[in-house]
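The following paragraphs offer a guided reading of a single protein model. Please keep the sequence and the structure in view while reading.

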Amino acid sequence: MNVIQQYLDQNNVTRYKVSKLSGLGQTTLKAAVDSKNGIDGLTGKVIKAIAVALDKTPGTVLDELVQLEKNKKVVDCKFNPNFWTNLSASPDTVFASRVF
């Protein structure tokens with residue numbers, strides 16, 4: 001989940017509400033949420049719009065976004081059944097088929 005959407009969720013505000021309260025277009029907010037750049041790609045307009053909806057200062061919103069991004073841990077939970085294959089050339093090495 002994008003850090004911007006996570007921030008909105010944690011503050012119990014929707015993109016629709018941000019758009020209505022600030023006047024910023026929903027497509028602009030969607031582009032910010034869908035961005036792969038995290039907060040690095042945010043514009044001042046988006047930060048100000050979120051601040052208006054949350055009744056916070058833009059500086060507070062930015063500080064909280066920076067902290068959230070800093071603390072965010074991305075965990076790749078995809079199971080790769082071939083992970084243990086070919087790790088060793090030794091035929092008598094035993095590998096677990098599952099990790100619990």
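In this predicted model, Gln-5 touches Arg-15 and Val-33, leaving aside residues up to four places away in sequence. Gln-5 itself has its place in helix H1. Its relative accessibility is 17%, and Gln-5 therefore counts as buried, since buried means under 20% relative accessible area. The side chain of Gln-5 also makes a polar contact, at 2.8 Å, with the side chain of Asp-9.

From here the reader may turn to the nonpolar interior. The largest nonpolar core has 22 residues, and among those with the most contacts inside it are Ile-4, Tyr-7, Ile-50 and Val-61. At least two residues of this core are supplied by each of helix H1 (3-10), helix H3 (26-34), helix H4 (44-54) and helix H5 (58-71). The largest share comes from H4, with 7 residues. Val-61 illustrates how parts of the chain meet: apart from its neighbours within four places in sequence, Val-61 is in contact with Tyr-7, Ile-47, Ile-50, Ala-51 and Lys-56.

Two loop residues deserve separate attention for their backbone angles. Most residues other than glycine have a negative phi. Asn-12, although not a glycine, has a positive phi of about 55°. Asn-12 lies in the loop between H1 and helix H2 (15-22). With a relative accessibility of 70%, Asn-12 counts as exposed, as exposed means over 50%.

Asp-55 is the other residue to consider here. Its phi is near 55°, a positive value in a residue other than glycine. Asp-55 lies in the loop between H4 and H5, and it is exposed, with a relative accessible area of 73%.

How values were computed: Residues numbered from 1 in each chain as written. Predicted model: local features only at pLDDT ≥ 70, side-chain atom pairs only at ≥ 80, totals over all residues. Heavy atoms only, no water. Core = buried A, V, L, I, M, F, W, Y, C linked by side-chain atoms within 4.5 Å. Buried < 20%, exposed > 50% of the residue type's maximum accessible area, 1.4 Å probe, protein only. Helix = DSSP H or I, 4+ residues; strand = E, 2+ residues; numbered from the N terminus. Contact = heavy atoms within 4.5 Å. Polar contact = N/O pair within 3.5 Å; in protein donor to acceptor, adjacent residues only side chain to side chain.
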